[in-house]
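Subject: A structure for you to look at

Hi there,

Here is the structure I promised to pass on to you. Have it open while you read, and turn it around as you go.

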Amino acid sequence: MKLFRNILSLLLFIALFFSCKNEESLKNVSEVSVSNTTLERVEPPHWWIGFENNTLQLLVKDDNIGVSKPSINYRGLTIDKFHTARSKNYLFIDITIDETAKAGKFDITFTFDDNSKKTHTYELKNREKSAESYKGFDSSDAIYLITPDRFANADESNDINKKLKDQSLDRTDGYKRHGGDLQGITNHVDYISDLGFTAVWPTPVLTNNMPRGSYHGYAITDYYQVDPRFGTMEDYKKLADELRKKDMKLIMDQVANHCGLEHWWMKDLPFDDWVNDQEYYEKNKENWNQKIVNRSNHRRTTNQDLYASDADKKGNNEGWFVETMPDLNQRNPFLANYIIQNSIWWIETLGLGGIRQDTYPYPDKEFMSNWAGAIMKEYPNFSIVGEEWSYNPLLVGYWQTGAKNKDGYESNLKSTMDFPMQKAIIDGINEDEYWGTGLVKIYEGLANDFHYSTPKDIMVFLDNHDEGRMFTALNEDVTKAKMALSYMLMMPRIPQVYYGTEILMDDTANHGDHGLIRTDFPGGWNGDQVNAFTGAGLSKDKKEMQNFVKSILNYRKNSAAIQGGKTIHFAPFMGTYFLFRVKGDETVVHIINKNEKPITIDLKRYAEVGLEGKTLKNIITGEAFLWKDAIQLSEKGSIILTTKH
Ligand code: CA
């Protein structure tokens, strides 16, 4: 009897052991992938029910998959059509998902002529949030821009990945990897939030399996994979979650214009026209000579120019950005679908609070309008900002939704980037005061707002990952840096600050050098002598600047006047410039004073704002100021006053 009991408990133990193991392995399967595919690729890897657009186009890649016939037996799903490509290793499947379809997994069966079959398990998920709840960034936000490789290295074990081509890791070289990662950003969400930022824009973190220069992320070689050197998909989701907990938004940097030369599809392009200049590329790809590639002429004005030649237009839109970045042909409808679905997949996967789209005037502009339109149709409260790197407001305004463009172009793009004001602010602060130079540059720059459909939806900045550090541009003058930054944060705009600008990071050794602009944030690496997160070892100036930014942003966070108030400014006068933001009872005054010697300004000039007799508070020092008769400006710099106490 005892023996029997022992055998029974042994059997029970074994049964329990195996059931646990099974559960464990099931759990792993669902974590790693939604399917048990043997196919090389099915993209998007899964999808959702409940979109406005109920069609889905799958890209399927596998040896000879193009000669098979796909079928699905799942309620509410119909294969409308499938398309073969030039390469037999691709199949594109058009699926309609009707309202009877429920979330779940199902098999797609691929039947070959000899009646052999391959199956792939695909999943349709329920959407986790309502379409309306995907709220994009706007002028109530302040965005912190980060180059992830250079911000903080939380996990040294992922710095080098043996499966990827670029294994350089050298913090002394601005063009090699430094090891920063997504977890590094997540670890410092508190720091970013305490500074008063409400959104984070990391430059791209998808795989860049390039032999060199892969750290910047703009040469994507897999649109559905997080670069393992930045972490995992779970790390990306965790960053999004941690930001959400603090009511902050994650903005994803996407690239529709080009991919990296080592993108997996470059070895077996599905169609003849997947990338521009493809024939030439395919003829020469074995000896890809960097000197003979048809590069973009970078003549972005051809998108608007009434007199532009076809040759120049083609040169801008169809030339390769650089020799290592093949120019995608968005006029190919399959590629167009691929990019649109990829953007939606990431919005839904991460619960994004916005997209930043790279090199906006380079892809096919009709496609870009369709792309933005497709996203805004699914997420009516979403925001996208497009990069038009131009100092000409005419061009910046052209790309913004609602612009009255002569050619009828409607971009569907909510936000553009304010390169013109960036330059105006730097020049305006740096230049001496004469009739046509100095503060008048800022005054007239802001006056250009009459041209924009919605100025407050434009993103303004003083520096970014491509433009030289503002502290260097302002000749390392702390007072000037404060003037410029505080003014920018008062503008009717969405402000963006590049990581490290709050601690006066510079690129003085070689102004504009990309590697140097993207210097490591001090304290992000084990053993760093200076730690800007804790303040340890920071110079007095840097600490002061950090607190300055913190004070302004935390005020701005709750300021209806700055976020969406009326704007009034007065022409520069005796080396000073006054900007007012007004909403209800709240008036915020920003004053720039360039005079080295004390000066008294009669306040009668500003009477129309209605501040006479009111006591205002300096938001940096907390000091009170009675707005009456005159203001004495004792030193060069900027002052921010508010009626809100
Ligand atoms: Ca790392």
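Below is what I found, going from the whole chain to its interior and then to a metal site.

First, please keep in mind that this is a predicted model.

**The whole chain**

The chain is built from 16 helices and 27 strands. Its radius of gyration is 28 Å, and the globule rule gives 26 Å for 645 residues; the two values are close, so the chain is as compact as a globular protein of that length. If you lay the C-alpha trace along its principal axes, it spans about 95 × 80 × 50 Å. Of the 645 residues, 58% count as buried. The chain exposes about 27,900 Å², and carbon and sulfur atoms supply 51% of that area.

How much of the contact network joins residues at least 24 apart in sequence? Among contacts between residues at least 6 apart, the share is 72%.

**The interior**

The largest nonpolar core has 165 residues, and within it Trp265 and Trp371 touch the most other members. Helix 7 (residues 333-350) gives the most to this core, with eleven residues. Try selecting Trp265: setting aside neighbours within four places in sequence, its contacts are Tyr90, Tyr223, Cys259, Trp274, Leu328, Leu335 and Tyr338. There is also a second, separate core of 18 residues, which includes Phe578, Phe580, Val609 and Phe625.

Helix 11 (residues 439-447) is a nice one to study. Its buried residues include Leu439, Val440, Ile442, Gly445 and Leu446. What do the buried residues of helix 11 pack against? Their partners are two helices, helix 10 (419-430) and helix 13 (478-490), along with strand 20 (566-569), strand 21 (576-583) and strand 22 (586-593).

**The calcium site**

Which residues coordinate the calcium ion? Side-chain names first: Asn153 (OD1), Asn158 (OD1), Asp159 (OD) and Asp181 (OD) take part, and Asp155 (O) and Gly179 (O) join them, at 2.3 to 2.5 Å. Along the chain, these donors follow the spacing N-x1-D-x2-N-D-x19-G-x1-D. Two of the coordinating residues, Asn158 and Asp159, are buried.

Why is the arrangement around the calcium ion irregular? The six donor atoms subtend angles of 65 to 163 degrees, and that spread makes the arrangement irregular.

Enjoy exploring, and write back with any questions!

Best wishes

Conventions: Residues numbered from 1 in each chain as written. Predicted model: local features only at pLDDT ≥ 70, side-chain atom pairs only at ≥ 80, totals over all residues. Heavy atoms only, no water. Donors = N, O, S within 2.8 Å, 3.2 Å for Na, K, Ca; no water. Tetrahedral: all angles 85-135°; square planar, octahedral: opposite > 155°, others 65-115°. Buried < 20%, exposed > 50% of the residue type's maximum accessible area, 1.4 Å probe, protein only. Helix = DSSP H or I, 4+ residues; strand = E, 2+ residues; numbered from the N terminus. Rg over C-alpha atoms; globule rule 2.2 N^0.38 Å. Contact = heavy atoms within 4.5 Å. Areas by Shrake-Rupley, 256 points an atom, 1.4 Å probe, with all protein chains shown as cover. Core = buried A, V, L, I, M, F, W, Y, C linked by side-chain atoms within 4.5 Å.
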